[in-house]
Amino acid sequence: MSPTDAGFYYAESEDTPLHVGSVAVFDGPAPSYGDVVRLLMGKLPLVPRYRQRVRRVPLDLGRPLWVDDPHFQVLYHVRHTALPSPGGEEQLRNLAGRVLGQRLDLAKPLWELWLVEGLAEGRWALISKVHHCMVDGVAGTDLMQLLFDLTPDAAHPEPQDWTPQRSPSSLGVVAGAVQDALTHPLRELTRLSGSGGVRGAGRGAVAAGRSLAATVPAVGRQLVTPTARSLNGPIGPHRRWAWADADFEDLRQVRTALGGTVNDVVLAAITRGFRDLLEGRGSLRDGLVVRSMVPVSVRQADQRGQLDNQVSAVFVDLPVAERDPVARLASVRRQMDEHKQRMQAVDARSIIAMGDFVAPTLLSLGVRAAMAAGQMWYQAITTNVPGPRVPLYVLGRRMCSAHAYVPIAGGTRVSIGIFSYLSSMTFGINADFDAFPDVDVLSRGICAGLAELLEAAQATPAAAAT
């Protein structure tokens, strides 16, 4: 595993399942369980990781590695359930919340797929779970396009026989870990230095240091900005899950009239959701912000489809105390523009790669200590994953919608996974059960935030002229 992947694996705990997931709804009729199993069996050769499990190195002398599971059984990973017909959105959300809130079995390949029948209008759903150590959001989108079909009449490969590779011995694993610990940092140093040798690597480090130093004023401002720390706290074993939907054309209209990017508009709408939440709790006050961690993909074009994590992150202060929706959008846009400039100046991929120099045992202990201690720096996770802009099909049935599930951890008790598909954008809200009995206030507030931004956009002179 890479250091980032290993960090996600080490961070898993009884109350912190760290898988990503989704709920996809399809037009009916539902396929049979056997048909879904045969479809997966035919496509598993394209994603061999789905037949592999994690093997830890004794004493954490090396990072965990992937090995073939000699007891792999697809029937364990593909589940079948149904809602009392006709199942509505609330029933599907409740079911998905229970399924997605349960931990994956770390002794087996880290994924599950649930076939759900009984939805209203003859529809059905797939609930998918994949551990974060296995795939990030962008790679997950590529995986969806790989497992799903682009046409309703696509041909499917027949299931093939599979023979697992022999797992290395414990002695071999330890020996390989020790060798890797000695040689990998040197390889990384050579890679980072490029043609300039060690001196070139040093110049690169100095340049990166100067770029990072430029972020100090922004961090200083955030240190003195009051955040909604009432949203932070311990996480329990149960989850509440809600979702909201938006029309992509509305987001574009706001972006065109008021400026910024679609992502800026999304964050501004989410700001309204948190404003309503805090106001309903009596916790809203002047100058308050909700700080959100926004993961940023640093995956290059030639790495698309690889099942590992290539992510960095920025922290955005959502101005929940601001009454004016246009001013909220302007604040978000200004911060995101600053972050983009800094990300261009700093080689984020090289910074992530510096984790290759960390001893695996220290990495394991450090991640666990950080998760146990919690943090108060940010209150939410907000991640936007662009999905396919073409229709997807499973066994000839068209996917109508999909909502993303993003895990919570380390004192951050709410996350929002944003996923675009065709002409829609969806918001999947995952929250700690005890801390967010009012999670629906947040979901409704996101819709209200987009509505008020759209109203402001339509009132601009440019919109009126058209």
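These exercises work through helix α10 and some of its partners in a predicted model.

**Exercise 1. Check the end-to-end span of helix α10 against its residue count.**

Step 1. Helix α10 covers residues 262-281, which is 20 residues.
Step 2. The expected span is 1.5 Å times one less than the number of residues. For α10 that gives 28 Å.
Step 3. The end C-alpha atoms of α10 are 29 Å apart, so the model agrees with the expectation.
Step 4. Look just past the helix: Gly-282 has a positive phi of about 75°.

**Exercise 2. Decide how helices α9 and α10 are oriented to each other.**

Step 1. Helix α9 spans residues 248-258. Its axis lies 9 Å from that of α10, and the two helices pack at about 100°.
Step 2. Angles from 65 to 115 degrees count as roughly perpendicular. Therefore α9 and α10 are roughly perpendicular to each other.
Step 3. Find the residues that meet. From α9 come Phe-248, Leu-251, Val-254 and Arg-255. From α10 come Val-262, Val-265 and Val-266.

**Exercise 3. Find out what surrounds Arg-275, and whether it is buried or exposed.**

Step 1. Place the residue: Arg-275 sits in helix α10. Of the 20 residues in that helix, 16 are buried.
Step 2. Arg-275 is buried too, yet it has no salt bridge.
Step 3. Check the distance. Glu-279 is the nearest side chain of opposite charge, at 4.6 Å. A salt bridge needs a nitrogen within 4 Å of a carboxyl oxygen.
Step 4. List the contacts beyond four places in sequence: Leu-284, Val-320, Ala-321, Glu-322, Arg-323 and Arg-328.

**Exercise 4. Trace the salt bridges that involve Arg-272 and Arg-281.**

Step 1. Arg-272 and Asp-276 form a salt bridge, 2.9 Å from N to O. Both lie in helix α10, four residues apart, about one turn of the helix.
Step 2. Recall the helix geometry. An α-helix has 3.6 residues a turn, so residues three or four places apart point the same way.
Step 3. Compare accessibility. Buried means under 20%. Asp-276, at 19%, is therefore buried. Arg-272, at 21%, is partly exposed.
Step 4. Widen the view: Arg-272, Asp-276, Arg-328 and Glu-452 are linked in a network of salt bridges.
Step 5. Turn to Arg-281, which pairs with Asp-438 at 2.9 Å, N to O. This pair links distant parts of the chain, 157 residues apart. Asp-438 is in the loop between β14 and α14, and Arg-281 is in helix α10.
Step 6. Asp-438 is buried at 19% relative accessibility. Arg-281 is partly exposed at 29%.

Methods: Residues are numbered from 1 along each chain as its sequence is written. This is a predicted model: local features need pLDDT of at least 70, side-chain atom pairs count only at pLDDT 80 or more; totals for chains, interfaces and linings use all residues. Side-chain values use heavy atoms; hydrogens and water are left out. Buried means under 20% relative accessible area, exposed over 50%, partly exposed in between (1.4 Å probe, protein chains only). Lys and Arg count as positive and Asp and Glu as negative; His and the chain ends are not counted. Contact means heavy atoms within 4.5 Å. Axes are lines fitted to C-alpha atoms, for helices over the stretch in contact, and angles run from 0 to 180 degrees between N-to-C directions. Angles under 35 degrees count as roughly parallel, over 145 as roughly antiparallel, 65 to 115 as roughly perpendicular and the rest as oblique.
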